[in-house]
Each structure stands twice: as structure tokens, then as C-alpha cells.
Amino acid sequence: YDRLDQNISLKSLTVNHSASAGFSYKKWTITPEIGLNLNFNDMNSQLYGDRTLLATDFQNRLKWNEINPYTQLMFNYKGSALNLNVTLPLNYYGMDYKDLLRNKDSEIAKTVFEPTLWGSFDFASFFKIWTFAGMNYSFGDFGSVYDGKILLNPKSINAKDSQILPENRSINSNTRLEYRNPLNNLFFNVRYGYNTTNRNIITKSRPFLSGASSTTLEYVDNDVTSQNEGAEIGKYFPKFKTNASISFTNRDSNSNQILVDANNVENFIVSKTNTQTFGAKFNNTYFSWMSLDYNISMNWYKNKDDYRNNVNKSSGWNHNLNLYFYPIENHTVGFVWDDVTSSQGATTLRNSFYDLSYQYTWAKKKIDFEIKWLNIANKKAYETINYDTTYFSTTRNSIEIRPTQVMFTVKFNFK
């Protein structure tokens, strides 16, 4: 087809009910709770090729309804240094999927125990340690299954068999050590997290020579894990009315998939990813007639798979500058600079955007008049490049954006 058009209509209604009562004894509070959560969803989709409606394989008319009654018991301890919270919930998940085009009906009915533990402890005046651990289940949500094919992007058309329903169990744990000293305005924290998810479904992808692909699901037990470490340090300089901080995060994770190659052979692939991020923040209000906010983030990405046994690296950075001047009372001149850059191999794509604004505040009437000059550089497209771990390919995205323009705004309230 020379042209594809897709219409999707979504309707959702969520209703939550709960009732609880708290009982206190010394430093303990016990709170029993019961509740009922309801969620109703409808989706209709049609795909057109050269403006002609395609067959029912490319259409959906479905309902996804959920009922979630639950009961839980919460124990909370609050001491001078130790705070502790334990939640012991028993949840029932009832889900009903109906495909009105194909007369299919799938149901899920599960009762599960999903405990969580949270605690914090203050020590040595300025130190605090936090910890969290929990287990939860997921049996899918609206959009987890649909039998008609949907165009997710110009290169990928997907269907998710309604007879294949997810059942995932996740165990999460996080801890953080924090230092905050109001005497010298110094703070820092170090943190660690570990997550593991047991899944019963895996993604099966089939790429085509044209660059397009199709994706389906299959019952295969597999585990996904991730762990992350991070640190942040910052300080406030009262003499210069300046806040400054830097942070670093390292994350390692793995993912699993099945790739169907050109010989129709199914390959089970384990992909390992490492992501590192460095960030810095700066805020200054030293001058009464000026304020400055600056944020920068740099990231490095490395992926290795056991299918091609190759290592792919990419990187990027983005920053945001907000500079405001207050030459006289009720007048504000602002300059904003956003910059997003992504690199893959020898290709680097940079997106720089500049905005200029002037605002007058009519204080007596509490009305703001603002005029903005947006996209001063008149950039026509927002472009990024990244590595696709699903199809082992480099993807370059280009989104057409509005050209340079001027916008006038009036802001007021009714108080």
C-alpha cells in the first residue's frame, strides 16, 4: 500500500471504593481496610490501506473489564528514630476480555498475597537509612491482548493473542542512605535497588527485508532482572543564593525474546544492557533582577546479546536553561534553551530550541499578559537515533514540528 490510515477509539471508566479504620496503641497504629476497584474499557480500531478498510484481521472491537476486591491489614510503628510500615493485602483479580468481532472470551480469576515492607531509621544526627521490599503480581491490563493487528508505528504491526494471558510476579527491593546537614547546607545520598520478574510470556518478533516487522506472544517461562546503583551530592551556598548538585546512576538489566530469522528458525535471545547517567543541577537567585536554572544530563548505553554476540554502544545528552530578568516591577523577560542530542556510531543528531518571552503582570487585577516567540531557530524536525534491541538495528526517528511562531497568552483567575 502507498498509504496506511488507522482509527482507534478508546473508552475507559474507573471506579474505586474503600473503607478503613485506624486503631492506635502506644507507638503502633493498626489499620484494617477493605475496598473494591472497578475498571471498564472499550476499544475499536480499523486499519485502512489506500483509504480502503482492510479485512477483520486488521480490526478490533473489544471490551476489557476488571474487578478487584481486596482486604488488607496495615501495621505502622512510629518511634523517635525508627519508622516502620508493613502492609499485608489479599487481592482478588478478576478480568474479562471479550472480542466482539471474533466472538472470543477470555477470563482471569486469581487471588494473591502481595505484602510490602517500608522502614526508615535516623542515626548520628544527620543520617537516615531507608528500605523498601515488596512483591506484586500482574495479570495484564487494558491493551495486553488484542486479536486484530494494530499499527504501533510505521514499521511495526502487532497482534496479541487473547488466548495468551500474562501472569507475572515481581519482587522489588530498594535501600538508600541519606545525609542532610542543615548547619553547612550539605546533603548526599547513595542508593541501591534490585528487581526480578518471573514471566510466563515472551515476545516473538519476525523482521522483514523491507524493515517492517510483526510481533506476537508465546507461552515461555522467563525471568527478567535489573539492578541499579546511584549517588547524589549537593550543597546550598547562602552567600551566593545558589543550589548545586551532581548525581550518577548505573543500571544493569537483561531481557528475553524470540527472534524468527529468514530461515524461519526461532532463536531464543538473552540481551544484557548497561545504562549510565550523569546529571548536574544549578540554581541561582543572587541578583534580585535575575534568576537562573540549569540542568544537564548525559547518558551512555551499552547492549550485548548472545545471538550475534556483538556489543552496541550509544550515548546522548540534554540540557535545559531557564533565564529570567526582572528589569522593573511586574515585568519579566525570559529566555529558554532546550537541547537534546543522541549519538549512534558515527551519527550524531542535535536538536536545539530557543524561546523568548515577555510578561506583564497587572497586579491590581491579577492578570498576566504574555507574548512568546517559540522555536526561534525555526527548526523543522525533532530527530533522534537509537539502537533497537528487538531487531538488532539502528532506528532513526524524525518528527515534523511547528515552525517558528509567536503566541500571545492572557492568564487570570476568578478569585
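In this predicted model, strands β8 and β9 form a hairpin with three residues between them, and A124 in the turn has a positive phi of about 50 degrees. Eight bridges join β8 to β9, and the two strands run antiparallel; within this pairing, S120 stands opposite W130 in β9. Strand β8 also pairs with strand β6 (residues 82-99), again in the antiparallel sense, over six bridges, and here N85 has W118 in β8 as its bridge partner.

The loop of this hairpin also contributes to the aromatic contacts of the chain. The model holds 18 aromatic pairs. One of them joins F126 and Y179 in an edge-to-face arrangement, with 6.0 Å from centre to centre and 85 degrees between the planes. Because F126 lies in the loop between β8 (116-123) and β9 (127-138), whereas Y179 belongs to strand β12 (residues 168-181), the pair ties together parts that are 53 residues apart in sequence. The two partners can also be described by their accessibility: F126 is partly exposed, with a relative accessible area of 26%, while Y179, at 12% relative accessibility, counts as buried.

A further pair is formed by W337 and Y354, and this one is tilted, with 5.8 Å from centre to centre and 35 degrees between the planes. It links distant parts of the chain, since W337 sits in strand β19 (residues 331-344) and Y354 in strand β20 (residues 347-362), 17 residues apart. W337 is partly exposed, with a relative accessible area of 24%, and Y354 is likewise partly exposed, with a relative accessible area of 25%.

F126 and Y179 also belong to a wider group, for F121, F123, F126, F127, Y179 and F188 form one aromatic cluster.

Aromatic rings in this model also meet charged side chains, and two such contacts are listed here.

| Charged residue | Ring | Distance from charged end to ring centre |
|---|---|---|
| K149 | F58 | 5.7 Å |
| K235 | F237 | 5.6 Å |

In the first row, the charged end of K149 sits over the ring of F58; in the second, the charged end of K235 sits over the ring of F237.

Taken together, the region around β8 combines several of these features: β8 pairs with β6 and with β9, and the loop that follows β8 carries F126, a member of the aromatic cluster that also includes Y179.

Technical notes. Residues are numbered from 1 along each chain as its sequence is written. This is a predicted model: local features need pLDDT of at least 70, side-chain atom pairs count only at pLDDT 80 or more; totals for chains, interfaces and linings use all residues. Side-chain values use heavy atoms; hydrogens and water are left out. Rings of Phe, Tyr and Trp (its six-membered ring) pair if their centres lie within 6.5 Å; planes under 30 degrees apart count as stacked, over 60 as edge-to-face and the rest as tilted. Helices (H or I, at least four residues) and strands (E, at least two) are DSSP runs, numbered from the N terminus. Buried means under 20% relative accessible area, exposed over 50%, partly exposed in between (1.4 Å probe, protein chains only). A charge sits over a ring if NZ of Lys or CZ of Arg is within 6 Å of the ring centre and within 35 degrees of the ring normal. Two strands pair if DSSP finds at least two bridges between them.
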